[in-house]
Amino acid sequence: MAAIDVADVVRRPAWRGGFGRLWTAAVVSRFGDALRTAALPLLAVRLTDEPLLVASVTACGYVPWLLFGLLGGALADRVDQRRAMWAVDTVRGLLVACFALAVGLGHTSVPLLLALAFSLTTLQTLFDNASTALLPSLVDRAALGSANARLMTGQQIAGGLLAGPFVPLLLTAGAFTPFAADAGTYLLAAALVASLRTRPPAREPRPSGSTLRAEIGEGMGALWRDRALRAVCGATLLCNIGMGALIATLVLHVTRWLHAGTAQYAVAMTAYSAGSLVGGFAAQRIARRTGRLGALLLAGSVQTASLLFMGTVRHLGALLIALLLLGAMGMVWNVHQTTLMQHRSPEAMLGRIASAFRTASTSGAPLGALLGGAVARTYGLNGPALLAAALFGLAVISLIPARKPDVPVVVPDDGVTRAHPTP
């Protein structure tokens, strides 16, 4: 046991060297995002009682990944990732500030909500891929698993446990206040990222005549040839269809199927975030026993059972328990999905592989959001939770054949990955 503890200390990321500031920027930005994410569906419900229109607000937050996700990854491998991140956050802060002003002046409409969601996600396609590619330059490779867990856990503390209870209070001060706060956090995060002192990434000169299309194709090909990443990407696609359906209609599930109020909806979001916090602390411990793909199989199985429970038991307590488990296992899934991708991808191609992974897996979310709205209207407001359970179950089954090729041939010394040959 002593040897394991010593190894754990070695694998923890150092807060100095930029990781601490990146962590702070991510946490601050996540706090504002949580305020906006919780406020948008509540604002949409005030503007329309049509489930499909409410779900469309969520769908528009995913569509840009289909249109620009691959381009964002190729650009992330070409540009200085730090500069790209702070520039994107600055633009997003200004956009949300303008939206807050429009809400405060009473010029809100469903088309405006759709435009905001679409614009923010379009910029996010560059930001997220640049962030994934930047992290390995700030921490040791063996500490990536722990760094991802700390980063995601910190975001959940800020976005769920801290931000969630503030939403009803802010809304009492005016519908524009959550969006004004979000704008401020974007600008603060931009300043923190701009203060990072990282060297521009070392890249080999691009071949003469190399095009963005060719570079995008290289990233897609690398993802397809890796059996483990390909399987995880397909499973994540199925899960995202289910989560898209659930998230887009969760406000209707809480306020109409369970006949709860706005405060209960905020409590439900807080339960999900509290579960994510637990999952962040447990993610590395689970993977040491099961391997990364084993952790994904466990997480998917527990989420399937949680969704079934949520969709069949008509009680607020059942919903809170289900969301707690769903959040915990969702965090386990996200930590090991991201770390697996960072370990298995060549550094010079990480942005493109990450974008190909995200674009393929995220493509199901807008479909799921629209499908969730249609299912809620046709089969009942608990239908999206049951649909999500079926899709999560399929995702778990699809991962089973990929159980053996768990890690790269060259194994990172992190105590979690295992030296199975890549087929």
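Begin with the whole chain shown as a surface: its accessible area comes to about 17,500 Å², and 66% of that area belongs to carbon and sulfur atoms. Keep in mind throughout that this is a predicted model.

Switch next to a cartoon of the chain, where 17 helices and zero strands are found. If you colour the residues by burial, the buried ones make up 56% of the 423 residues. Should you draw the contacts between residues at least 6 apart in sequence, 86% of them join residues that are at least 24 apart.

Now select residues 212-225, which form helix α10. Its 14 residues should span 20 Å at 1.5 Å a residue, and because the end C-alpha atoms are 20 Å apart, the expectation and the model agree. Show the side chains of this helix and pick out Glu-215, Ile-216, Gly-219, Gly-221, Ala-222 and Leu-223, which are buried in α10. To see what these buried residues pack against, add α4 (63-78), α11 (227-257) and α15 (350-362) to the selection.

Move on to residues 262-290, helix α12, together with residues 292-312, helix α13, whose axes come within 7 Å of each other and cross at roughly 115 degrees. That angle makes α12 roughly perpendicular to α13, and the crossing in which α12 passes α13 is right-handed.

Finally, which residues should be selected to see where α12 and α13 meet? On the α12 side they are Gln-284, Ile-286, Ala-287 and Thr-290, and these meet Arg-292, Gly-294, Ala-295 and Leu-298 in α13.

Definitions and conventions: Residues numbered from 1 in each chain as written. Predicted model: local features only at pLDDT ≥ 70, side-chain atom pairs only at ≥ 80, totals over all residues. Heavy atoms only, no water. Helix = DSSP H or I, 4+ residues; strand = E, 2+ residues; numbered from the N terminus. Buried < 20%, exposed > 50% of the residue type's maximum accessible area, 1.4 Å probe, protein only. Contact = heavy atoms within 4.5 Å. Areas by Shrake-Rupley, 256 points an atom, 1.4 Å probe, with all protein chains shown as cover. Expected span 1.5 Å × (residues − 1). Axes fitted to C-alpha atoms, helices over the stretch in contact; angles between N-to-C directions. Parallel < 35°, antiparallel > 145°, perpendicular 65-115°, else oblique. Left-handed = near helix turned anticlockwise from the far one by under 90°.
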